[in-house]
Amino acid sequence: MLGVVRRRVGSRSSASFLGQSLQASRPVGSTSRVSSLADKKILLQTRGVGHVRDFCHCILPGGSVSLRPMREVAGIQQEATMQMQSRPFSSDNGDLVDAVVPFMGESITDGTLANFLKNPGDRVEVDEPIAQIETDKVTIDVASPEAGVIQKFVAKEGDTVEPGTKIAVISKSAEGVAHVAPSEKASEKAASLPSPPAEKIVEKQKPKVETAPITEKPKAPSPQPPKRSATEPQLPPKERERRVPMTRLRKRVATRLKDSQNTFALLTTFNEVDMTNLMKLRSDYKDAFVEKHGVKLGLMSGFVKAAVSGLQNQPIINAVIDGDDIIYRDYIDISIAVGTPKGLVVPVIRNAEKMNFAEIEKEINTLAKKANDGSISIDEMAGGSFTISNGGVYGSLLSTPIINPPQSAILGMHSIVTRPMVVGGNIVPRPMMYIALTYDHRLIDGREAVFFLRRIKDVVEDPRRLLLDI
């Protein structure tokens, strides 16, 4: 019968005639099996005759027929099966996109990958933040360039990254993301690891038996530690201490403040301000102010206007030393120190000399909200010719603020406290505030510093001076 099959195979090349010949020459009781693969390879295997069982006909696409041993056909079938199983998990269609670190500013060259906001396998939309980069000044979000599913992260939290660094791979069609159950992963790992020899298992179990009595020793009463002498210091145990790395923002603030202390000849002068008239002004017009401008009238706008008046009267306070030269600024950019949970930031009010009370209040509220939620940009903190720090919101009574380089002075506001004051020969209670001016004594003399602080006091105690310019 094998000869008949060979003759028919040689004379006929089509798959249909081969099937008919096999049916004609097949003895009674024998069966035929047809296997169809994904790549259109058809295997016909005849059974029933002993010496023919090791052979089969492999009909390939296009009608070609070949007679191969079953071992070769089994190899083809296994290879095709492997191709079918691996095809759905391939990502060769170019649907993968990289999420990279964006441009962070001219003065920022790198940052620290603070944390991931998503996990591998999560669905993300276009421009949705997936990670946060912490820099010396601000926290920047890394957004997804396309909508899809996060396939994997290629960077770790705590890594130092630069603009353009790839941190994640996103699949637009989600085909490259394999969702495997934990039980399947565990079984695959267990199957891939070879079982250790029995001798090694015995050796690994021996130390456990030997160390068993050691674990029972702490049950016995431990001897009391020796008593310390009176002169020996009592140090707290190390278990009660925690070591946490500094954030980049905190390290930057620490460096700049220490450089300021080492560079400038710092000197601080003080004065006190009667807040009665400014507080009365706010109380009388707060409702009308909100109704017209849509923002509350605070005390900061009054101090900003007073600082602008003082800087215009004493332009040396607004200047700065640059090498052997003095740079006089013909503009007034007021920096407002804002404390956030991540650290101190100093957003800038541009051209404050051209703004009224309402514009200043709106700008302060906008910058403060951005600083607290971490959305403030580097451009909004760059520059600044003079700084105002309000420690009074935290209850500070008196302090000596440190200059913010490259500026030459800083004004410190403090809490308002009702104290007995002599007014017109009578002792009356008045809401008082201490104010402090720290300045660079290399550039600013005591005379200019005192005149400036006196101007702040005069304007705050009598805001009508701003209207009359006196």
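Reader: Which residues lie nearest the centre of the second largest pocket, and how many residues line that pocket?
Author: This is a predicted model numbered from 1 along each chain as its sequence is written, where local features need pLDDT of at least 70 and side-chain atom pairs count only at pLDDT 80 or more, while totals for chains, interfaces and linings use all residues. Side-chain values rest on heavy atoms, with hydrogens and water left out. A pocket is, on a 1 Å grid over the protein atoms alone, an open set of points where a 1.4 Å probe fits, with protein on both sides within 12 Å along at least five of seven lines, and lining residues have an atom within 4 Å of a point. On that basis the second largest pocket is lined by 13 residues, and those nearest its centre are Leu281, Tyr285, Pro463, Arg464 and Leu467.

Reader: Which element gives the largest share of the lining of the second largest pocket?
Author: Two elements, counted as DSSP runs numbered from the N terminus (helices being H or I of at least four residues, strands being E of at least two), give two or more residues to this lining, namely helix 7 (276-293) and helix 11 (464-468). The largest share, six residues, comes from helix 7.

Reader: What is the volume of the second largest pocket, and how is its lining divided by class?
Author: The volume, taken as the space filled by probe spheres set on grid points that are joined across faces, edges and corners, is about 380 Å³. For the classes, Ala, Val, Leu, Ile, Met, Phe, Trp, Tyr, Cys and Pro count as nonpolar, Asp, Glu, Lys and Arg as charged, and the others, Gly among them, as polar. By that scheme the lining has eight nonpolar, one polar and four charged residues.

Reader: How many residues apart in sequence are the parts that the salt bridge of Arg248 and Asp110 ties together?
Author: The closest N and O atoms of Arg248 and Asp110 are 2.7 Å apart, which meets the criterion of a side-chain nitrogen of Lys or Arg within 4 Å of a carboxyl oxygen of Asp or Glu. Arg248 lies in helix 6 (residues 248-263) and Asp110 in the loop between strand 5 (96-100) and strand 6 (111-116), so the pair ties together parts separated in sequence by 138 residues.

Reader: Are Arg248 and Asp110 buried or exposed, or partly exposed?
Author: Buried means under 20% relative accessible area, exposed means over 50%, and partly exposed is in between, with a 1.4 Å probe and protein chains only. At 13% Arg248 counts as buried, whereas Asp110, with a relative accessible area of 22%, is partly exposed.

Reader: Which salt bridges have their residues four apart in helix 10?
Author: A search of the whole structure finds twelve salt bridges. Arg454, which is partly exposed at 43%, pairs with Asp458 at 3.5 Å between the closest N and O atoms, and both lie in helix 10 (residues 446-461), four residues or about one turn apart. Lys457, buried at 10% relative accessibility, meets Glu461 at 2.7 Å, N to O. Being four residues apart in helix 10, the members of this second pair are also separated by about one helical turn, and the bridges asked for are thus Arg454 with Asp458 and Glu461 with Lys457.

Reader: How far apart are the end C-alpha atoms of helix 10?
Author: The expected span of a helix is 1.5 Å times one less than its number of residues. For the 16 residues of helix 10 this comes to 22 Å, which agrees with the separation of its end C-alpha atoms, 22 Å.

Reader: Which residues is Asp440 in contact with, leaving aside its neighbours within four places in sequence?
Author: Asp440 lies in strand 23 (residues 426-440), and at 1% relative accessibility it counts as buried. Taking contact as heavy atoms within 4.5 Å, its partners are Phe264, Ala265, Ile321, Ile403 and Ser408.

Reader: Where does the cis peptide bond to Pro406 begin?
Author: Pro406 lies in the loop between strand 20 (386-390) and strand 21 (409-413). The bond that leads to Pro406 is cis, with omega near 0 degrees, and it begins at Pro405.

Reader: What phi values do Asn351 and Asp469 have?
Author: Asn351 is in the loop between strand 19 (348-349) and helix 9 (357-373) and is partly exposed at 32%, while Asp469 lies in the segment after helix 11 and is exposed at 65%. Although Asn351 is not a glycine, its phi is positive, about 50 degrees; Asp469, also not a glycine, has a positive phi of about 55 degrees.
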